[in-house]
Amino acid sequence: MTTTVEKPGGRTGQRRTPGAAPRTRRPGRLRSAGLPYLLLLPALALELLVHLVPMLIGIVMSFKELTQFFIRDWVAAPWAALDNYAVSVDFDAPVGESLLKSFVTTCVFTLCSVALCWLLGTAAAVFLQETFRGRGFLRALFLVPYALPVYAAVITWAFMFQRDNGLVNHVLHDQLGIGDTPAFWLIGDNAFWTLLVVSVWKGWPFAFLIMMAGLQNIPRDMYEAAALDGAGLWQQLRRITLPSLRPVTQVLVLVLFLWTFNDFNTPFVLFGKAAPESADLISLHIYQSSFQTWNFGTGSAMSVLLLLFLLVVTGAYLLLTTRGTRRRKATDAS
């Protein structure tokens, strides 16, 4: 309950009676609560238009016999139920066998690429923590691969790996005398290592940037105290740096895994529409299954299976990392 009182100068005001309930402004609170959702509405609309709607259409297409005969009116394609999925997971048939090989190749490639990106990024970030002349130049130089457009960078690497007039063979064979003949880097078994080199070169600066940002949050007092206790650089790295960077590393590894496993631009620009068998990543394999054989139903089923796999791996990874964090907190508290 409020009463009107007269203030000096002829002004009037309200005084709240002791014990009375405060007056609330529900309309204002509703407006302030709805403002974040209003600001998020454009981003949600674009996300729905760019990602969710095509994903739902792709899921519907995976249940249809969608070939080149129904491209004009894909809705009229016959209903195939789970036939496309059965063909994709039939590993005794040519389609399923090639998909399985591509999946295994992608897993090996992703593990190698993520591990090397994390290792190089962490080493460079730790090395550049100390102040020395030229540190700013090295930081800018290390970020150049991440700043370059993907197509321009990969096309440059494709020219460098040419057999007859590429820079790699010119240095290795002509200058250093390694090998009897120039190697084929874009075909055969060497294509896997070529793709791995380009992927690591393109991805490790992102790991370097994230780890360098994470190192800024570690207090220098911890290193000074460890140095006074006689801890060397390796012990400081094991006991202070890596444990402190564990939350950053968990997020970084997950992001690198998803980016690398779904990478389509690098193999497509490097090898073209038909990648060698040793570098047949699943993203390019699905593209070939869809746009070269014109069997969009099977290609959509493969895409849905890939989506389910990534969801399962991501969920399991988040569950394990969350449990590990809770267990460490419980141990530290006890």
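**Exercise 1.** In this predicted model, how does the lining of the second largest pocket divide by class?

*Solution.*
- Sort the lining residues into three classes. The second largest pocket has 10 nonpolar, seven polar and two charged residues in its lining.
- Next, find the centre. Among the 19 lining residues, V150, K202, G203, W259 and D263 lie closest to the centre of this pocket.
- Then assign elements. Two or more lining residues each come from α3 (94-127), α5 (144-147), α8 (190-215), α11 (246-261) and α12 (265-271).
- Rank the contributors. α8 gives the largest share of this lining, four residues.

**Exercise 2.** How much space lies in the second largest pocket, and how much in the largest pocket?

*Solution.*
- Take the second largest pocket. Its space is about 390 Å³.
- Turn to the largest pocket. Its space is about 890 Å³.
- Locate its centre. The largest pocket is lined by 25 residues, and M55, N262, S303, L306 and L307 are the closest to its centre.

**Exercise 3.** Which elements give two or more residues to the lining of the largest pocket, and which element gives the largest share?

*Solution.*
- List the elements. They are α1 (26-61), α13 (282-291) and α14 (296-333).
- Pick out the main contributor. α1 supplies 10 residues, the largest share of the lining of the largest pocket.

**Exercise 4.** How many residues of each class line the largest pocket?

*Solution.*
- Count the nonpolar class. The lining of the largest pocket holds 16 nonpolar residues.
- Complete the division. Eight residues of this lining are polar, and one is charged.

Definitions and conventions:
Residues are numbered from 1 along each chain as its sequence is written. This is a predicted model: local features need pLDDT of at least 70, side-chain atom pairs count only at pLDDT 80 or more; totals for chains, interfaces and linings use all residues. Side-chain values use heavy atoms; hydrogens and water are left out. On a 1 Å grid over the protein atoms alone, a cavity is a set of points where a 1.4 Å probe fits but cannot get out, and a pocket is an open set with protein on both sides within 12 Å along at least five of seven lines; lining residues have an atom within 4 Å of a point. Grid points are joined across faces, edges and corners, and a volume is the space filled by probe spheres set on the points. Ala, Val, Leu, Ile, Met, Phe, Trp, Tyr, Cys and Pro count as nonpolar, Asp, Glu, Lys and Arg as charged, and the others, Gly among them, as polar.
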